[in-house]
Structures are given as C-alpha cells and as structure tokens.
Amino acid sequence: MAFIKALKAANGTYTDSSGEEKTNWVTIGYLNDTNGKKSLKINSFPVGGDWDGWVQIFDLDKDRKDEF
C-alpha cells in the first residue's frame with residue numbers, strides 16, 4: 001500500500017505565537033495509489049456544527065509517517 005496524500009478537515013482555529021490566526025487541521029485519512037488505482041482510507045469522519053463538509057488533500061508530512 002502506498003499512501004501518497006493526507007486527507008484533512010479543518011477543525012477550528014488557533015492563534016500562533018505571533019498573534020496570527022491559523023486553521024487547525026485534523027488528519028482523517030489518506031489517499032492510496034496501488035498500481036495506478038486510487039482509493040481512500042478513512043480513519044475518522046468529522047462531525048459537528050463547525051465542519052463545512054470539505055476535505056482537503058495535503059502532501060504527506062515526512063516527519064509524521066508514523067500516523068499511518
């Protein structure tokens with residue numbers, strides 16, 4: 001199995017040390033590519049009033065490979 005992208009959903013905001021408001025992203029799964037066939041592996045599904053229904057696709061964080 002070759003995970004190629006991370007699936008993330010916005011989960012509120014936070015203020016960083018410089019005072020800038022940032023989006024908090026939670027990883028909900030991964031995009032997989034096996035022999036040219038793409039599939040999704042969903043580990044969690046966001047629910048609640050704050051989730052707008054959108055899932056964003058991000059490059060994998062090389063430092064967090066232990067997530068999968």
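**Exercise 1. Work out where V47 sits and whether V47 is buried or exposed.**

Let's start with the chain: V47 lies in the loop that links β3 (37–42) to β4. Keep in mind as you look that this model is predicted. Next, take the relative accessible area of V47, which is 72%. The cut-off for exposed is over 50%. V47 is therefore exposed.

**Exercise 2. Find the nonpolar patch on the surface and give its accessible area.**

Begin with V47, one of the residues in this patch. Now add its partners: L40, I42 and F45. Together, the patch residues have about 460 Å² of accessible area.

**Exercise 3. Place L60 in the chain and decide whether L60 is buried or exposed.**

First, find β4, which covers 56–59; L60 belongs to the segment after that strand. Second, read the relative accessible area of L60: 17%. Buried means under 20%, so L60 counts as buried. Third, look across to F3, which is 57 residues from L60 along the chain. The C-alpha atoms of this pair are 8.2 Å apart.

**Exercise 4. Describe the protein chain as a whole.**

Count the elements: you should find four strands and zero helices. Reading from the N terminus, the order is β-β-β-β. Then turn to burial: 19% of the 68 residues count as buried. For the surface, the accessible area of the chain is about 5200 Å², with 48% belonging to carbon and sulfur atoms. Finally, consider contacts between residues at least 6 apart in sequence: 46% of these join residues at least 24 apart.

Terms used
Residues numbered from 1 in each chain as written. Predicted model: local features only at pLDDT ≥ 70, side-chain atom pairs only at ≥ 80, totals over all residues. Heavy atoms only, no water. Helix = DSSP H or I, 4+ residues; strand = E, 2+ residues; numbered from the N terminus. Buried < 20%, exposed > 50% of the residue type's maximum accessible area, 1.4 Å probe, protein only. Patch = residues over 30% accessible without salt bridge, like charges linked within 9 Å, V, L, I, M, F, W, Y side chains within 5 Å. Areas by Shrake-Rupley, 256 points an atom, 1.4 Å probe, with all protein chains shown as cover. Salt bridge = Lys/Arg side-chain N within 4 Å of Asp/Glu carboxyl O. Contact = heavy atoms within 4.5 Å.
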